[in-house]
Amino acid sequence: MNGLEKNVFFDINKLPPEKGLLLFGLSMNKLSNRQSAEQCMEDIRHLATDKISKPLVGLNFIYSDFLYLYSDRPAPELKHSFMNQVIGHRNSMQRLIEKSHMEFQIQHGFNYMVWNQLYVGTKDFNQRFDQLKKIFKEDALFQKYLGEDCAVFGKEMEDNQINFFLEEILMMYLLSKNQIKLPNEYIENNQKWILWCYPGRPLKSEVYMHQLNPFNLNWPENPYQSCQYDLESRQLIDFNRVDLDTYEVR
């Protein structure tokens, strides 16, 4: 791996033959398009058909609803909108999975979560988030990369957007280090690895967060503790092989 070129990535051959979890991060603004239930099924089929060597893998869908409350829109309006989106997507997803019961026979390996559940899965998220915001304020490189992320997505670098990105990347970092208890009836919190999956490349600020590893967390059992699987390009993005000066999110 050390001899591989920077910013050049490849697909996964096979997932580890131990119990593990795939995490599908679901953006609220993509539930009706790129992350619709139908599109998610295609992503699942790609991973399940080609990558799983033993039936020891669970999959958790994580809806990012509460994260989107970093907004100036009225909270009741957001709640109503997100509630309908999550319920509709979850029901569509479940119908497709049940319809494909011969293809996906371990039906209880699928789990659905909202963002709030991640808070109660860890004891110290508030403290970690406050620490991260302090680190960010004192780290010019961190600010630079997050600013570049904002520019790529046409976002203003203001407080709500900064907090949105910082909370998102902190949660993903903690998940990949096995710091958050994840409900999955099939795996029962006995996972030996976790892989975050999303259609698109990781943010520069996310990569930098992992390279910095500000909380000195390590889960050596997990070969993907510093990775994201890009469902769009079908490549495993290894953060340790990213050169941020030449890396492009899009």
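# A walk around helix H7

Start by selecting Glu148 and Lys204: their side chains meet in a salt bridge, 2.8 Å from N to O. A salt bridge here is a side-chain nitrogen of Lys or Arg within 4 Å of a carboxyl oxygen of Asp or Glu. Glu148 sits in helix H5 (residues 140-152) and Lys204 in helix H7, so this pair ties together parts that are 56 residues apart in sequence. Helices are DSSP runs of H or I with at least four residues, strands are runs of E with at least two, and both are numbered from the N terminus.

Before moving on, a word on what you have open: this is a predicted model, in which local features need pLDDT of at least 70 and side-chain atom pairs count only at pLDDT 80 or more, while totals for chains, interfaces and linings use all residues. Residues are numbered from 1 along each chain as its sequence is written, and side-chain values use heavy atoms, with hydrogens and water left out.

Now colour that first pair by accessibility. Glu148 is partly exposed, with a relative accessible area of 28%, whereas Lys204 counts as buried at 10%. The cut-offs are under 20% relative accessible area for buried, over 50% for exposed, and partly exposed in between, using a 1.4 Å probe and protein chains only.

**Next stop: all of H7**

Select residues 204-212, which make up H7. How many residues of H7 are buried? The count is 7 of the 9, so H7 is largely enclosed by the rest of the structure. Show Lys204, Ser205, Glu206, Val207, Tyr208, Met209 and His210 as sticks to see the buried ones. Then add what they pack against: H4, H5, H6 and strand S5 (227-230). Contact, on this tour, means heavy atoms within 4.5 Å.

**H7 against H6**

Bring up helix H6 (residues 159-176) beside H7: their axes come within 10 Å and cross at roughly 45°. Axes are lines fitted to C-alpha atoms, for helices over the stretch in contact, and angles run from 0 to 180 degrees between N-to-C directions. H6 and H7 are therefore oblique to each other. On this scale, angles under 35 degrees are roughly parallel, over 145 roughly antiparallel, 65 to 115 roughly perpendicular, and the rest oblique.

The crossing of H6 and H7 is right-handed. That label applies if the near helix is turned clockwise from the far one by less than a right angle; anticlockwise would be left-handed. For the contact itself, pick Ile169, Leu170, Met172, Tyr173 and Ser176 on the H6 side, and Ser205, Glu206, Met209 and His210 on the H7 side. By class, these residues divide into 5 nonpolar, 3 polar and 1 charged. Nonpolar covers Ala, Val, Leu, Ile, Met, Phe, Trp, Tyr, Cys and Pro; charged covers Asp, Glu, Lys and Arg; the others, Gly among them, are polar.

**H4 on H6**

Keep H6 on screen and add helix H4 (residues 125-138), whose axis comes within 10 Å of that of H6 and crosses it at roughly 120°. That makes H4 oblique to H6, and the crossing is right-handed. From H4, select Phe125, Arg128, Phe129, Leu132, Lys133 and Phe136; they meet Ile162, Asn163, Leu166, Glu167, Leu170, Met171 and Leu174 in H6. This contact has 9 nonpolar, 1 polar and 3 charged residues.

Stay with Arg128 for a moment. Its side chain and that of Asp124 meet in a salt bridge, 3.3 Å from N to O. Arg128 counts as buried at 13% relative accessibility, while Asp124 is partly exposed at 27%.

**More charged pairs**

Side chains of opposite charge can pair when their charged atoms come close. A search of the whole structure finds 10 salt bridges. Another one to display joins the side chains of Arg73 and Glu77, at 2.9 Å from N to O. Arg73 is partly exposed at 41%, and so is Glu77 at 39%.

**Last stop: positive phi**

Return to H7 and step to Asn213, which follows the helix and has a positive phi near 45°. Carry on to Asn216 in the loop between H7 and S5. Although not a glycine, Asn216 has a positive phi of about 50°, and at 65% relative accessibility it counts as exposed. Finish at Arg234, in the loop between S5 and strand S6 (235-238). Arg234 is not a glycine either, yet its phi is positive, about 55°; it is partly exposed, with a relative accessible area of 37%.
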